[in-house]
Amino acid sequence: MNNNERLYKISEIAYIAKVNKTKVWRYIRDNNISERSMKGNAKLYSEHTKDVIIKAFSSESVHLATETKADTSRILLEQIDILKGELERKNDQLDKMQSLLDQQQQLNLSTNRQNEKLLDTTTNNTPSQDDRPLQKDDTDVLKPTEGNYYEGKETKTPKKGLFGWLRR
C-alpha cells in the first residue's frame, strides 16, 4: 500500500457522489469491488475505486434522468391515446342516448295524441250504461228522515247491505 494514497470510506464516497450510503454499498457489492484495507470495521477504498464509483453514479443519474423523461413522455402519450379512445366511445354513447330520448319523446307525443282522440270520441257519443254515474245507494248511509228523527235525536235503523246481518 502506498503511504501517499488517500483511502475513502463508503460514507465519504457517498457524500462526494451525492447519493446515500446504501446505494454506494449496493454498487460495491453488485460489482464485486474489494476494499483496499480496513480501519476497525470500516472498509477503505482507493482513489481509483472512488473515481469509478462516482463516475458510475454521475453517468447513471444523467442516463436515468433522460431515460425517465423519455419513459414518462411515452407513458403520457399512451395515456392520451387511451383517453381519446374512451372519449370517442362516450361521445358515441351520448349520441345513441340522445337518439333514444328523441324516439321516446316522439312515442310519448303520439301516445298522448291517440289518447286525446279516444277521449274526444268517447265524450261525443251518448253515455252508455257503464258511463253513467251510479245512482245513490243509501243502504249504508243513515240520514235523519221523518221516520228516524225524533225530538232532535236520531233513531238509527240497522244498516242494510250484504253484511248487515253481522251488525245486529
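This passage describes the fold of a predicted model and then selected residues along its chain.

The chain comprises three helices and four strands. Read from the N terminus, these elements follow the order α-α-β-β-α-β-β. Of the 168 residues in the chain, 12% are buried. The accessible surface amounts to about 15100 Å², and carbon and sulfur atoms account for 53% of that area. When contacts between residues at least 6 apart in sequence are considered, 51% of them join residues at least 24 apart.

Helix H1 spans residues 10-17 and includes Ile 16. With a relative accessible area of 38%, Ile 16 is classed as partly exposed, because this value falls between the limits of 20% for buried and 50% for exposed residues. Beyond its neighbours within four places in sequence, Ile 16 is in contact with Tyr 8, Lys 50 and Ile 54. For one of these partners, Ile 54, the C-alpha atom is separated from that of Ile 16 by 7.4 Å, although the two residues are 38 residues apart along the chain.

The loop between H1 and H2 contains Lys 18. This residue is not a glycine, yet its phi is positive, at about 60 degrees. Lys 18 has a relative accessibility of 75% and therefore counts as exposed.

Helix H2 covers residues 21-30, and its buried residues are Val 24, Tyr 27 and Ile 28. Viewed down the axis of H2, these buried residues fall within an arc of 95 degrees, so they line one face of the helix.

Tyr 27 also takes part in an aromatic pair, and the chain has a count of one such pair. The partner of Tyr 27 is Phe 57; the ring centres are 5.6 Å apart and the planes form an angle of 50 degrees, an arrangement classed as tilted. The pair links distant parts of the chain, since Tyr 27 belongs to helix H2 and Phe 57 to helix H3, with their positions 30 residues apart. Tyr 27 and Phe 57 are both buried.

Following H2, Asn 32 also shows a positive phi, near 50 degrees, and Asn 32 is likewise not a glycine. The residue is placed in the loop between H2 and strand S1, which consists of residues 37-39. Asn 32 counts as exposed because its relative accessibility is 69%.

A further loop, between strand S2 (42-44) and helix H3 (47-124), holds Ser 46. The relative accessibility of Ser 46 is 5%, so the residue counts as buried. Apart from residues up to four places away in sequence, Ser 46 touches Glu 5, Arg 6, Leu 7, Tyr 8 and Arg 36. Tyr 8 is thus a contact of Ser 46 and also a contact of Ile 16.

A nonpolar patch on the surface is formed by Met 97, Leu 100 and Leu 101. Together, these three residues have about 300 Å² of accessible area. Leu 100, one of the members of the patch, is found in helix H3.

How values were computed: Residues are numbered from 1 along each chain as its sequence is written. This is a predicted model: local features need pLDDT of at least 70, side-chain atom pairs count only at pLDDT 80 or more; totals for chains, interfaces and linings use all residues. Side-chain values use heavy atoms; hydrogens and water are left out. Helices (H or I, at least four residues) and strands (E, at least two) are DSSP runs, numbered from the N terminus. Buried means under 20% relative accessible area, exposed over 50%, partly exposed in between (1.4 Å probe, protein chains only). Contact means heavy atoms within 4.5 Å. The arc is that of the directions from the helix axis to the C-beta atoms. Patches are made of residues with over 30% relative accessible area and no salt bridge: like charges are joined within 9 Å, nonpolar side chains (Val, Leu, Ile, Met, Phe, Trp, Tyr) within 5 Å. Accessible areas come from the Shrake-Rupley method with a 1.4 Å probe; for residues, only the protein chains shown count as cover. A salt bridge is a side-chain nitrogen of Lys or Arg within 4 Å of a carboxyl oxygen of Asp or Glu. Rings of Phe, Tyr and Trp (its six-membered ring) pair if their centres lie within 6.5 Å; planes under 30 degrees apart count as stacked, over 60 as edge-to-face and the rest as tilted.
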